[in-house]
Amino acid sequence: MISTVFLELTNYCNMNCDFCANHMMTREKGYMSIECTKQVIDQLKQMKFQGTVITSLMGEPLLHPKFVEILKYSTNSGIKTNVITNFLLVPEKITVKKLLNAGIETLCLSYQTPNEKTFKIRRVNKAFCDYENKLMEILIFAINNKIKTQRIEIHLLQSLYNYLNVEIIEDYSLIEASILKIYDALYSDGFMPSKKNINKRTILKSINKFKRGNQYQDAYDIQIGPNIYVVLKRANTWANSLIPRGCQVDPEIKGNCGFFNSSLGIFWDGRCTVCCQDFDGSIFIGDIKSSSIEDILSGKVLTEMRNMEDMGLLMNPYCQICNGTIRRDGKNYSIIKKHGIINKGFNLANRVKSRLIQ
Ligand SMILES: C[S@@+](CC[C@H](N)C(=O)[O-])C[C@H]1O[C@@H](n2cnc3c(N)ncnc32)[C@H](O)[C@@H]1O
Ligand code: SF4
Ligand code: SF4
C-alpha cells in the first residue's frame with residue numbers, strides 16, 4: 001500500500017520561484033473540482049488508506065476556492081492531510097485562525113528565502129518584510145493558542161553543496177541568523193517553550209551538527225517550539241530538469257526507485273503519476289476520471305514499471321533522465337560542490353539512506 005498521495009488542488013501559483021519547476025511546466029492550468037477531491041478522499045477511506053494526503057504537487061493550494069471545505073471533508077473522513085504552502089495568501093484570503101484549525105496535521109510553511117536578496121528569486125511583487133511578518137503572525141498565533149494543527153514546519157531551502165542553475169541559501173551564517181531571528185520574535189516577551197530543552201544554546205548546537213556533515217541530508221529538523229520545527233531542505237534538481245546551464249544528461253536505464261511502491265500523484269485534471277518530481281506529467285499511469293485509484297495502483301502500466309524496477313530497470317524516459325549522468329563538455333559533471341573524501345562519503349551514505357527510507 002502506498003503511503004503518500006499528492007493531490008494537486010491546482011497548478012496555478014502566485015509565485016514563480018527560480019528554484020521550482022513551475023516555469024518549466026507546459027501542462028494546462030486549472031483547479032481540481034470539489035467533486036473530484038471528495039471522490040478521491042472517499043476512495044482512500046474505502047481503501048483504509050493510513051498514509052498522508054499532501055494537498056499539492058505543483059501549484060499553491062491556498063489558491064483553491066474550496067480549500068477549507070476540502071480540508072474539513074478530509075479530516076471528517078479520517079484522512080490525514082499535510083499542507084505545503086508559500087502562505088502568501090495569509091491572512092488576506094484565509095485567516096491564521098482558520099488555517100491552523102482546518103484540521104491540517106502538518107503545515108509546511110515554504111519560507112525558503114529568508115532575506116531580501118534571496119526573496120527576489122520568488123519573483124513576486126511583494127516586500128520581503130511583509131512576507132516575514134506573515135510567517136511571524138502564523139507562528140506567534142500557534143504558540144499562544146490551542147490549535148488543531150499538530151506540527152508546523154518552517155522550510156528553508158539550502159543549496160550549500162549543490163550546483164543548480166540558481167543560488168538559494170549559500171552560507172551557514174544566513175541559516176543561523178534566520179533561525180535565531182524567528183526564535184527571538186517568538187519568545188521576545190520572555191516566554192519560553194514548554195519543552196525545557198529548547199533554547200538558543202540547543203538551537204546553535206543543532207545548527208553546528210548540521211554543519212558537521214548533516215548538510216547532505218535531504219531534510220534536517222531543528223526544533224524551535226513545542227510543535228514547531230525549522231526544516232533545512234536540500235534543493236533538488238527536479239529529476240535533473242534544473243541543472244546548471246551548459247550541462248546535458250545522459251539517460252540511464254539501470255536503477256531503482258522507491259516511489260513506484262510508495263506514492264501516487266493526482267494532477268488537478270485527474271491524470272495520475274507516481275512521482276512528486278514529475279511536474280509536467282511525463283509518467284502517466286492512469287486517470288481517476290475513468291478508473292478507480294485501486295485499479296490504477298494495480299493496473300498494467302504501474303505493474304509493468306514495478307516488475308521492471310524489481311529487475312533493476314527504469315522503463316520511463318523521464319526516470320531514465322532522473323537517474324542519468326550529468327555531463328558538461330563531454331565529461332561527467334557532479335552537482336555536488338565539494339569533492340573531499342569525507343563529503344563524498346556523506347553523500348553516498350545519504351543516498352543509501354534515502355533509498356532505504358523510500
Ligand atoms: C512545488 S511546491 C508546491 C506547494 C507550494 N507552492 C509551496 O511552495 O509551498 C512544494 C514544495 O517544493 C519546494 N521546492 C520547490 N523547488 C524545490 C527544489 N528545487 N528543491 C527542493 N524543494 C523545492 C517548495 O518550496 C515547496 O516547499
Ligand atoms: S515552489 Fe511553490 S510557490 Fe514557488 S513557484 Fe513552485 S509551486 Fe509556486
Ligand atoms: S526515478 Fe522516476 S519516479 Fe523515481 S524520483 Fe526519478 S522521476 Fe521520480
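The legends below describe close-up views of a predicted model, its three ligand surroundings and two helix pairs. Residues are numbered from 1 along each chain as its sequence is written, while chains are lettered from A and ligands numbered from 1 in the order in which they are written. Because the model is predicted, local features need pLDDT of at least 70 and side-chain atom pairs count only at pLDDT 80 or more, whereas totals for chains, interfaces and linings use all residues.

**View 1. Confidence along the chain.** The chain averages a pLDDT (the predictor's confidence in each residue, from 0 to 100) of 91, and 91% of the residues score at least 70. Over residues 354–358 the pLDDT falls below 50, and this stretch has 6 contacts (C-beta atoms, placed from the backbone, within 7 Å) beyond near neighbours in sequence.

**View 2. The shell around ligand 1.** Of the 18 residues around this ligand (C-beta atom, placed from the backbone, within 6 Å of it), Cys20, Ser56, Ser110, Ala235 and Asn236 come nearest. Strands E3 (80–85), E4 (106–112) and E5 (151–158) each supply at least two residues of the shell; strands are DSSP runs of E with at least two residues, helices are runs of H or I with at least four, and both are numbered from the N terminus. By class, the shell divides into 9 nonpolar, 7 polar and 2 charged residues, where Ala, Val, Leu, Ile, Met, Phe, Trp, Tyr, Cys and Pro count as nonpolar, Asp, Glu, Lys and Arg as charged, and the others, Gly among them, as polar.

**View 3. The shell around ligand 3.** Among the residues around ligand 3 are Cys257, Cys275, Cys319 and Cys322, together with Asp278 and Gln277. Helix H11 (residues 317–322) gives the most to this shell, with 3 residues, and the shell as a whole divides into 9 nonpolar, 2 polar and 1 charged.

**View 4. Helices H6 and H7.** Helix H6 (residues 172–186) and helix H7 (residues 200–211) pack at an angle of about 155°, with their axes 11 Å apart; axes are lines fitted to C-alpha atoms over the stretch in contact, and angles run from 0 to 180 degrees between N-to-C directions. H6 and H7 are therefore roughly antiparallel to each other, a term for angles over 145 degrees. The contact includes Tyr172, Ile175 and Tyr183 of H6 and Lys200, Ile203 and Lys211 of H7, and has 7 nonpolar, no polar and 3 charged residues.

**View 5. Helices H1 and H2.** The axes of helix H1 (residues 34–46) and helix H2 (residues 67–76) come within 10 Å and cross at roughly 15°, which makes H1 roughly parallel to H2, as angles under 35 degrees are classed.

Key
Contact = placed C-beta atoms within 7 Å. Parallel < 35°, antiparallel > 145°, perpendicular 65-115°, else oblique.
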